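Colleague: I should be grateful for a close look at a single part of this model, namely the sheet and whatever packs against it. Please describe how the part is put together.

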Amino acid sequence: MKFKITRDALVPIASVLVALAIGAILIAAQGHSPMQAYHVLIVKGFQSTSGLQATLSKAGILIISGLAITFGLRAGLFNIGAQGQVLSGALAFTYIGYRLHGIPMWIHIPIALIFGAACGALVGGFAGFLKATRGVHEVISTIMLNSIMAAIVDYLTQNQFRLQGQPNTRTPDILHSARLPHIFGYPTGFIIAVLLAIVINWVFKRTTIGFELDTVGRNRSASWYAGISVKKSIVLGMLVSGAIAGFTGGMFSSETTGYFVPAFYSGIGFDGITIALLGRANPIALIPGAIFIGGMRSAQSAIQFEAGVSPDIINLLLALVLFFATAPFLAKLIKSNAKTLTTTSGWGS
Amino acid sequence: MEALLRIEHLSKSFPGVKANDDISIEVHKGEIVALLGENGAGKSTLVKSVFGLVKPDSGTITIKGEEIEPGDTAAAIRHGVGMVHQHFQLVPVMSVVENIILGDEPHKGVFVTKKAAREEVIALSARYGLEVDPDAFVEDLPVGIQQRIEILKALRKDIDLLILDEPSAVLTPHEIDELLEVIRKLAASGVGILFITHKLHEVMAVADRVVVLRNGKLVGTTTPKETNEEGLAQMMVGRNVVLSVEKGPARAKEVALEIKDLSVKDDRHLDAVTHFSLEVRAGEILGIAGVEGNGQRELVEAICGMRHRQTGTVKVSGKESPDMDPRGVHLMGVSHIPEDREKDGLVSSYSIADNLTLNQFNLKPFSVKGIRDFNARDEYADRLVKEFDIRTPSFQNSASSLSGGNKQKVVVARELTQNSHVIVASQPTRGVDVGSIEFIHKQLISARDGGAAVLLVSAELDEILSLSDRIAVMFGGKIVAIIDGQDADRQYVGRLMAGLSG
């Protein structure tokens, strides 16, 4: 068992090292110093207090969106359209966040977060319902729901939820009572994210519901044989995945943006896919990857100012890491899905 | 005379296992050599080495006097080696001709010359006397014919040596007879045959020579003339094996499973079971004999709540069981050994312990109020691994690490330890070695003697005949006859299975 864990960790670590090596060559080719660029990356991403605060804030969001994808993956569902659920959760949180006056923070934040999660759950759960009842593949339906949700939040932001008397389209500011506080300057969201990861890990490890979802994710026909309702699990898996994605949108609004503009949220749902794949669909194992990517992101602008390297190098590095780290895992995922489609029915085993 | 195939001192290790240990074998022109051994004895590894799919650690493989490059399939094919795999590699939606020419199509420029291909296939099938309809689509053909296509595919490459990996595992008794005839014909035309099997009567019927492997070692070479089935079984397992099942008379009591007017559709929504009625009593084994594909699978799934019942009822101990609710049926005391253990019976990435509780994880003592109790699970797993002699270093290991026979023991252990009223056992010994077959048969009989009603479905007529107290013959989704197990005649049952009236 131990052997397996170390070997699983080896691939992501090796991917990072190889990506950094390739990045170094590219930076050098542009006539800059890779050593200096990476030095800036480490200092601004992880060493300086302000850098670390920014990193952890970003990491918190990445962890939760990674958890959303992970939850689906464990039940055998690829929630590729988490972005739409993030948007719906974000707007729902923002609405409750600026609309409900005069209630204390410890009530306001949970209510708004739950409302955001519920909206995400509605969108994800709908995709699950379509799959369970009509056999619509969740990759197709969630991508389509992405566009639908993008249009809906756009419409609402331009009309009902718009802050009047402003040239740019945006919602009113979220009230102070719905903004997540920092603890000694460090983001609360990161702590919430880690706690959520621990809870989800426990759900899959110790609860019968988690075991059912996990079993459905590994072998649907054996699940049905063993008396697990596959349809119920599909709906539940997408519902919770969507709820976590909606929660991500809410938390990002609360901690970072402070009001809603759709463009703020671009990429969050997709980052979740990266994180989940780096963590091999394990709720705890995705945390280091999220912190690493959060660090790269928070150092992105500094790398241009202080080392003169184009900030695009960060995107390139992330893409390389993702490529090396997930290619084998993805291939395995696709292969196991394709198993049911191969050639003639042989003799079982 | 120079041997067609000569394997010398071949060894191959995988992590933790010595799959082949210093094996030397020869196959001559026109000779039929059977490679016999239990699951995990190293038969597949050996033939895969010959075909270049596995690279041996040491040793040499010589074909017609030329040593071939190890681990190179292309070289093996160049030297005239053909292999029919256990899992067919056919494209179901393509025709027979298209499947046979696939990968090496006769062509003019970039166009496939379909007419030439068709003629080539017809000539090929005539040359070896292997009849096929060249224009039929593979998905419409029975398994036996699909296998024939695989053989033709191999023969098209002008081979001298044909390797068959468990060719009879999915065939009906009649198809097996045809296969054996094909093997004889091919040998008569000069092709050397190396085939893997663990069915002893096939070996006795067709082999010129038998090579027996055990735990990766060659334990002996013999001929059917020098030995008998008991002798072969003993060589395989390394101890005395009782092939005939010992059982006392059944003490049948009240009806435990009552199926009335049951109709079920198959995956293509065609009628698979039509107005089927049957009663199984506590304390008896009722065997369902029949050629595969006559509705047995759909029947079993409908009984166990896995497939929708179009009409009719299934009663367990007098109470009606729910439709489309496997958990509900299970809770009424029905155990189910599914015909496809890999697909339905096991989650191969789960531990043996999780698999042993796969349909009980939500019940006490394995979980309390939705929280799983791993101590209870592990104690239970530890006990079952010992009781059912599941060969594994630990019950924490994944089910995928087990051999076929031991995987089946996991399923059997899980299903027979629950004190069920009704046991539905579908192909309980498919792809399982002789030693495990004996064990599983004993377990089914002791479940019967313990008062369970056992519904046994098997494509192995011998298994049905040796275990059943009563035999129901199924054909075209219906029961055509119910006969007493005691005086069932093999020929008679065989004719009923084929749809002939006695």
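Modeller: In this predicted model, chain B holds an open sheet of six strands, ordered S6-S9-S10-S3-S11-S12, with mixed pairing. Its edges are strand S6 (81-84) and strand S12 (217-222) of chain B, each of which pairs on one side only. On average, and with direction ignored, neighbouring strands of the sheet are turned by 20 degrees against each other.

At the S12 edge, strand S11 (residues 209-214) of chain B pairs with S12(B) in the antiparallel sense, over five bridges. Within this pairing, B:Val210 has B:Thr222 of S12(B) as its bridge partner.

Two helices of chain B may be added to the picture. Helix H1 (residues 43-51) of chain B packs on the sheet and touches strand S3 (32-36), S6, strand S9 (161-164), strand S10 (192-197) and S11 of chain B. The direction of H1 makes about 140 degrees with that of S6(B). Helix H5 (residues 143-155) of chain B also packs on the sheet, where it touches S6 and S9 of chain B. For H5 of chain B, the angle between its direction and that of S6(B) is about 165 degrees. The edge strand S6(B) is thus touched by H1 of chain B and by H5 of chain B, and S9(B) likewise has contacts with H1 and with H5 of chain B.

How values were computed. Residues are numbered from 1 along each chain as its sequence is written. Chains are lettered from A and ligands numbered from 1 in the order in which they are written. This is a predicted model: local features need pLDDT of at least 70, side-chain atom pairs count only at pLDDT 80 or more; totals for chains, interfaces and linings use all residues. Side-chain values use heavy atoms; hydrogens and water are left out. Two strands pair if DSSP finds at least two bridges between them. Helices (H or I, at least four residues) and strands (E, at least two) are DSSP runs, numbered from the N terminus. Axes are lines fitted to C-alpha atoms, for helices over the stretch in contact, and angles run from 0 to 180 degrees between N-to-C directions. Contact means heavy atoms within 4.5 Å.
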